[in-house]
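Here are my notes for you, as promised. Keep the viewer open while you read, and click on each residue as it comes up.

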Amino acid sequence: GQFAQEGLGRHVFERMIRPQEGHGGADIVGYVALLPFYLAVIAVGFAPWVVFFPAAARSVWRGRLGEGHRRAVLAGWFLPTFILMTLVVTRLPHYVLPVWPVMAVAVAGLIGLDRGRGLDDADWRWVRRTAWFTTPAGILAALGLIVLVWGAGYGGWFGQSWSNLAAAMAPPVTALAAVLLLLTVVAAWLLRRGELRSVAATMIAGMLAILVLLATWALPVLDAFKPAPVIAAGVDEHVGRDVPMAVFGYNDPTLRFYANRTDPITILGSAEAVEQWLARPKAGILVPDAADLLSAAPTLPRHVQTLFSTERPMLTSRSGRPWATLVVLLRSDPAEADDSPPSP
């Protein structure tokens with residue numbers, strides 16, 4: 001019954017009628033205010049190809065792209081998902097990803113018209129009107145990224161904790177922003193010349209460059225600041241992967257991947273659960289947020305020792321804190337504990 005209760009009950013039906021994990025409006029005003037949410041998701045997530053999408057959608061609607069049953073397939077692929085996800089109370093960007101392929105098909109069809117029958121005047125008007133918004137947005141996004149990352153890294157805009165991360169990310173983010181800026185300006189220039197297929201080729205080249213920079217530079221730099229790899233590597237130095245692991249006040253899904261435990265990682269949800277964990281006479285690892293641990297257990301038993309601690313940004317954690325100090329505790333059999341004083 002767990003699939004029906006969790007998979008369908010909680011993750012389908014409950015998400016439809018009430019926001020989960022704070023992803024949605026808390027009341028009717030918030031619900032209504034977030035109705036255009038997925039329009040913004042498409043505008044940002046489908047960039048830079050979104051410049052073609054309004055014209056492509058119009059051409060599908062008018063029957064110039066996909067006559068008869070082909071138009072029904074395109075509309076039936078896009079509209080039900082988009083409308084249903086818009087009405088669902090819980091909203092997350094990836095909920096509308098199933099419409100990405102049909103949007104790509106429609107945009108490709110529009111670009112194909114430029115080679116065949118040609119775009120009509122209305123198609124060009126829609127493309128150029130959309131470009132009035134996307135071009136300034138692309139330029140501002142590129143310049144804003146540069147200013148933000150250098151200001152945070154070397155101007156201390158968000159405090160010292162984030163300065164090291166921002167400073168490390170400044171060079172790759174600047175490179176990404178430069179590619180975005182070049183892509184936007186060149187595409188806008190080609191669009192003014194009416195060279196639609198050249199615009200598409202520029203976008204393909206620019207997106208490939210961005211993906212290469214992300215994979216080879218930006219993401220590796222960012223990974224060095226994630227807590228999960230550091231914790232997993234430190235734990236592996238002391239115990240085997242058959243020793244069970246638990247977390248408290250720190251819930252990072254990526255830790256499950258990096259730690260690669262034999263048993264699932266246990267999430268302790270209360271101070272009482274921490275006390276019970278500390279009292280068990282069995283080897284185990286606990287990774288708590290230091291602040292949460294201090295309130296739940298000010299002192300540790302003799303058979304529990306602190307292996308190490310690390311201060312990290314909570315980039316993929318569900319802890320609710322942007323930055324935290326994580327402590328890694330090792331619990332052993334009390335009968336094997338030495339006479340050393342308890343860990344602070």
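The points below go through helix pairs, pockets and a handful of single residues.

1. Before anything else, keep in mind that you are looking at a predicted model. Residue numbers count from 1 along the chain.

2. Let's start with how helices pack. Two packed helices are described by the angle between their axes and the distance between the axes. Try helix α3 (residues 37-45) against helix α5 (residues 69-87): their axes come within 9 Å, with a crossing angle of roughly 125°. Angles over 145 degrees would count as roughly antiparallel and 65 to 115 as roughly perpendicular, with the rest between those ranges called oblique. The pair α3 and α5 is therefore oblique.

3. Who touches whom in that pair? On the α3 side you'll find Tyr38, Leu39 and Ile42, and they meet Phe78, Phe82, Met85 and Thr86 of α5. Sorted by class, this contact has six nonpolar residues, one polar residue and no charged ones.

4. Now compare α8 (160-192) and α9 (196-223). Their axes also come within 9 Å, but here they cross at roughly 175°. That angle makes α8 roughly antiparallel to α9. The contact between these two helices has 25 nonpolar and three polar residues, and no charged residue takes part.

5. Next, the pockets. The largest pocket has a volume of about 710 Å³. It is lined by 29 residues, and Ala43, Ala47, Pro48, Val50 and Thr134 are the closest to its centre. Which helix gives the most to this lining? That's α7, with seven residues. Helices α3, α4 (53-62), α5, α7 (121-154), α8 and α9 each supply at least two lining residues. By class, the lining has 24 nonpolar residues, five polar ones and no charged ones.

6. The second largest pocket holds about 290 Å³ of space. Of its 13 lining residues, Ala57, Val60, Ala75, Phe78 and Leu79 are the closest to the centre. You've met Phe78 already, in the contact of α5 with α3. Helices α4, α5 and α6 (100-113) each give at least two residues to this lining. Its residues divide into 11 nonpolar, two charged and no polar.

7. Have a look at Pro48, too. Pro48 sits in the loop between α3 and α4, and the peptide bond leading to it from Ala47 is cis, with omega near 0°. Both Ala47 and Pro48 are among the residues closest to the centre of the largest pocket.

8. Two threonines are worth a click. Is Thr130, in helix α7, buried or exposed? Its relative accessibility is 12%, and under 20% counts as buried, so Thr130 is buried. Leaving out residues up to four places away in sequence, Thr130 touches Val50, Val51 and Pro54. Thr202 lies in helix α9 and is buried as well, at 18% relative accessible area. With sequence neighbours up to four places away left out again, Thr202 touches Leu183, Val186, Ala187 and Leu190.

9. Leu165 is a nice one for thinking about sequence versus space. Leu165 is in helix α8 and is buried, with a relative accessible area of 8%. Pro313 is 148 residues away from Leu165 along the chain, yet their C-alpha atoms are separated by 8.5 Å. Not counting residues up to four places away in sequence, Leu165 touches Leu222, Phe225, Pro313 and Leu315.

10. Then there's Arg331, in strand β5 (residues 323-331). At 4% relative accessibility, Arg331 counts as buried. Beyond four places away in sequence, Arg331 touches Trp277, Leu278, Arg280, Lys282, Ala283, Gly284, His303 and Val304. Ala131 is 200 residues from Arg331 along the chain, and the C-alpha atoms of the two are separated by 60 Å.

11. Last one: Asn260. What is its phi? Phi is near 50°, a positive value in a residue other than glycine. You'll find Asn260 in the loop between α11 (253-259) and β2 (266-268). With a relative accessible area of 43%, Asn260 is partly exposed.

Conventions: This is a predicted model: local features need pLDDT of at least 70, side-chain atom pairs count only at pLDDT 80 or more; totals for chains, interfaces and linings use all residues. Side-chain values use heavy atoms; hydrogens and water are left out. Axes are lines fitted to C-alpha atoms, for helices over the stretch in contact, and angles run from 0 to 180 degrees between N-to-C directions. Helices (H or I, at least four residues) and strands (E, at least two) are DSSP runs, numbered from the N terminus. Angles under 35 degrees count as roughly parallel, over 145 as roughly antiparallel, 65 to 115 as roughly perpendicular and the rest as oblique. Contact means heavy atoms within 4.5 Å. Ala, Val, Leu, Ile, Met, Phe, Trp, Tyr, Cys and Pro count as nonpolar, Asp, Glu, Lys and Arg as charged, and the others, Gly among them, as polar. On a 1 Å grid over the protein atoms alone, a cavity is a set of points where a 1.4 Å probe fits but cannot get out, and a pocket is an open set with protein on both sides within 12 Å along at least five of seven lines; lining residues have an atom within 4 Å of a point. Grid points are joined across faces, edges and corners, and a volume is the space filled by probe spheres set on the points. Buried means under 20% relative accessible area, exposed over 50%, partly exposed in between (1.4 Å probe, protein chains only).
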